[in-house]
Amino acid sequence: LDIFGQSNQDAVSFLSDILGYYADLGSHLDMLHESPLCMGIAHEYDNVYWVFDGYNESIYRYDFQEDHGPGWDDHSDGVMARYVEGEVAYEPDVPSHMVLDSASRLLYIADTGNNRIAVLDTESGQEGEDLVRAEEPGTTHYAMDDAVLSTFVEGVDFGMVAPSGLEIIDGILFVTDNSTSEIIAFDMDGQEVDRLYTGIESGSLMGIVARSVEDIWVVSANENRLYRLQPR
């Protein structure tokens, strides 16, 4: 609370001077805007994030680079790259979470609209054409061509309907199904290890995070609840 909702007086003075009128952005944070209907996010390192862009049905890599700090407004160092446009599918009201395997550099994606778990090779592709900067002039915004997106798991083969939450822990990929309310565990070869029916109402089970295979947390959105799952 000593940052959020407060005015940065240094930023107020600077912005007011260059704009010619009083400008107070409060605790305005660094931001980029090119992925409407954002349904999932995964952290890479520092200020670099991967995002599921539902509007363009693509995957974005955002590099905010240097955080401008609260109250300032210079986003021009941001770098935005759009991957595999049209190769993933948006499902309204269902998050499409993602998780990055830092060892393999593979990004696992709950491709909800296509009922699959997809995998993006984040080391593949090359910079393509410049894209329009709809919201942030001065930033770098381009398409990544020829990036490799493959299917890790076809949902229909395992009775999935709407994969949503993803987590990798101890060599196991956990998937929540928003429709069937199951959590399904896969090994890293795409073979089912186990599954659990949670009993949560259909359309409510979403995000998942785990500290071990014996300590799992899931979100039930309709109940506004967080559940912790452990062995007896």
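A pocket, as the word is used here, is an open set of grid points with protein on both sides within 12 Å along at least five of seven lines. With that in hand, let's walk through this predicted model, starting with its pocket.

**The largest pocket**

The largest pocket has a volume of about 320 Å³. Its lining is made up of 16 residues, and those nearest the centre are Phe174, Asp194, Leu196, Val213 and Ile216. Four strands each give two or more residues to this lining: β12 (172–177), β13 (182–187), β14 (192–197) and β16 (215–220). Of the elements, β14 gives the most, with four residues. If you are thinking about chemistry, the lining divides into 11 nonpolar, one polar and four charged residues.

**The nonpolar cores**

In soluble globular proteins, nonpolar side chains tend to be buried together. Here, the largest nonpolar core has 19 residues, and Trp50, Ile59, Tyr83, Met98, Leu107, Ile109 and Leu120 have the most contacts inside it. Two or more residues of this core come from each of β1 (38–45), β2 (48–53), β4 (79–83), β5 (98–101), β6 (106–111), β7 (116–121) and β9 (140–145). Apart from this core lies another, of 14 residues, including Ala110, Val153, Met160 and Ile168.

Ile59 is a handy residue to click on in the viewer. Leaving aside neighbours within four places in sequence, Ile59 is in contact with Trp50, Val51, Phe52, Ala81, Arg82, Tyr83, Val84, Val88, Met98, Leu107, Ile109 and Leu120.

**Aromatic rings**

The structure holds seven aromatic pairs. In one of them, the ring centres of Tyr62 and Phe64 are 6.1 Å apart and the planes stand at 40°, so this pair is tilted. An angle of 40° falls between the cut-offs, since planes under 30 degrees apart count as stacked and over 60 as edge-to-face. Both Tyr62 and Phe64 are buried. These two residues also belong to one aromatic cluster with Tyr49 and Tyr60.

**Positive phi outside glycine**

Two residues deserve a look in your backbone plot. Asp93 has a positive phi although it is not a glycine, and the same description fits Asn224. The table sets out their values.

| Residue | Phi | Location | Relative accessible area |
|---|---|---|---|
| Asp93 | about 70° | loop between β4 and β5 | 67% |
| Asn224 | about 55° | loop between β16 and β17 (225–229) | 72% |

Is Asp93 buried or exposed? With a relative accessible area of 67%, Asp93 is exposed, because the cut-off for exposed is over 50%. Asn224, at 72%, is exposed too.

Terms used
Residues numbered from 1 in each chain as written. Predicted model: local features only at pLDDT ≥ 70, side-chain atom pairs only at ≥ 80, totals over all residues. Heavy atoms only, no water. Core = buried A, V, L, I, M, F, W, Y, C linked by side-chain atoms within 4.5 Å. Buried < 20%, exposed > 50% of the residue type's maximum accessible area, 1.4 Å probe, protein only. Contact = heavy atoms within 4.5 Å. Phe/Tyr/Trp six-rings, centres within 6.5 Å; stacked < 30°, edge-to-face > 60°. 1 Å grid on protein atoms, 1.4 Å probe; cavity = no way out; pocket = protein on both sides within 12 Å on 5 of 7 lines; lining within 4 Å. Points joined across faces, edges and corners; volume = space filled by probe spheres on them. Nonpolar A, V, L, I, M, F, W, Y, C, P; charged D, E, K, R; others polar.
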